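Colleague: I'd like a close look at just one part of this model, the metal site. Could you walk me through it slowly?

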Amino acid sequence: LDNMIVDPSYDGAKLGNEMTLEFVEDMIERFKNGKKLARKYVFQIIITVMELVKKEPTMVEVDVEQGQEITVCGDTHGQYFDLMEIFRLAGKPSEKHMFLFNGDFVDRGSWSTEIALLLYAYKWLYPSKFFLNRGNHETDDMNRMYGFEGECRAKYNERVFKLFSESFSALPLATLIGKKYFVLHGGLFSDDNISLDDVRKLNRFKQRQPGQAGLMMEMLWTDPQTQPGRGPSKRGVGLQFGPDVTKRFCEKNNLEAIIRSHEVRMDGYEVEHDGKCITVFSAPHYCDSTGNKGAFIKIGPEYKLNFTQFDAVPHPDIKPMAYASNGLQGMI
Ligand SMILES: O=C(O)c1nn[nH]c1-c1ccccc1
Ligand SMILES: [Mn+2]
Ligand SMILES: [Mn+2]
Ligand SMILES: [Mn+2]
């Protein structure tokens with residue numbers, strides 16, 4: 001990276017060896033005005049955050065101390081201007097105000113590189129207060145089809161996508177808050193005997209992509225259902241799990257509830273399975289079409305769940321999937 005230079009005409013803040021709040025604030029404004037980051041800084045940010053998250057356990061454990069809070073967000077899917085609305089309403093990340101983004105940061109919305117780079121910059125700035133769970137959209141197959149790869153190529157280059165892809169495969173798969181809330185993108189498992197210890201022990205580096213079976217795939221893909229037991233997934237990947245599965249898992253692991261994302265909810269969130277399964281989705285008016293609200297959850301030292309709903313805000317006239325290819329690139 002040292003031999004990479006930043007064009008002397010570059011009008012943005014300079015990045016040295018440390019992330020600064022000034023650089024992050026400058027990034028936020030640049031992205032709002034449709035500007036990009038110097039490519040050298042993009043590489044620096046992704047590489048630094050990849051090294052940081054590689055050292056994190058597959059399930060990160062966080063407690064909320066007095067005077068602190070954590071805001072849990074669900075899918076943001078490239079909707080940068082709605083992410084700005086989250087920070088306006090919830091407050092921005094800080095040493096006292098922790099955040100957890102629960103996967104699906106990218107794809108669909110056309111400001112996926114802006115969201116990914118901003119979340120990564122905050123991870124660098126507040127490494128022990130800012131948390132990222134992997135979603136099923138932090139994977140190569142989805143990024144090829146749903147816009148992120150195309151957006152990386154269009155705004156930066158293929159190497160930037162490859163680096164993001166490598167960093168996604170290093171992301172933790174779950175976060176345990178106060179030993180009470182098990183937060184992951186998709187949901188629970190085909191096997192009732194899976195415990196938090198099995199998640200802790202899961203070697204997420206053995207396979208870069210979740211594939212069609214196994215613990216990692218299930219954590220990123222499964223959905224709750226109202227009927228007891230387990231059923232087939234509507235997505236063709238994973239399965240659906242009923243209230244009894246959630247109850248058994250929470251009892252076995254002394255949990256209040258699981259918090260997951262992965263599905264749109266018209267109210268932005270939904271409390272299901274007798275309060276043991278909560279879905280939080282943070283992309284309002286999803287794909288400029290669904291008309292849903294977004295939501296986020298604030299959790300303080302008392303570990304009560306505090307839901308906030310919010311509406312989509314105006315954004316520049318760039319459609320969802322503006323950079324998506326037909327996904328056949330490189331196939332023939
Ligand atoms: O793109 C989405 O809405 C999404 N979010 N999580 N999973 C998906 C998805 C999965 C399979 C096919 C299409 C979308
Ligand atoms: Mn999603
Ligand atoms: Mn998802
Ligand atoms: Mn929109």
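Modeller: Happy to! Let's start with the chain pattern: the donors of the manganese ion (ligand 2) are spaced D-x1-H-x26-D. Put names to those letters and you get Asp75 (OD), His77 (NE2) and Asp104 (OD), the protein donors that lie 2.0 to 2.1 Å from the manganese ion (ligand 2). Keep in mind that this is a predicted model, so treat the distances as computed values.

Now check how hidden these residues are. Asp75 counts as buried because its relative accessible area is 1%, and His77 is buried too, at 2%.

Next, hop over to the neighbouring metal. The manganese ion (ligand 2) and the manganese ion (ligand 3) sit 3.3 Å apart, and Asp104 coordinates both. Besides Asp104 (OD), the manganese ion (ligand 3) is held by Asn136 (OD1), His185 (NE2) and His262 (ND1), with distances of 2.0 to 2.3 Å. Along the chain, the donors of this manganese ion (ligand 3) read D-x31-N-x48-H-x76-H.

Two of them show how distant parts of the chain get linked here: Asn136 and His185 are 49 residues apart. Find Asn136 in the loop between β4 (130-133) and α5 (140-146), then His185 in the loop between β6 (181-183) and α8 (196-201). What about their surroundings, are they buried or exposed? Asn136 is buried, with a relative accessible area of 2%, and for His185 that value is 0%, so His185 is buried as well.

Key: Residues are numbered from 1 along each chain as its sequence is written. Chains are lettered from A and ligands numbered from 1 in the order in which they are written. This is a predicted model: local features need pLDDT of at least 70, side-chain atom pairs count only at pLDDT 80 or more; totals for chains, interfaces and linings use all residues. Side-chain values use heavy atoms; hydrogens and water are left out. Donors are N, O and S atoms within 2.8 Å of the metal (3.2 Å for Na, K and Ca); water is not among the atoms, so sites may look incomplete. Helices (H or I, at least four residues) and strands (E, at least two) are DSSP runs, numbered from the N terminus. Buried means under 20% relative accessible area, exposed over 50%, partly exposed in between (1.4 Å probe, protein chains only).
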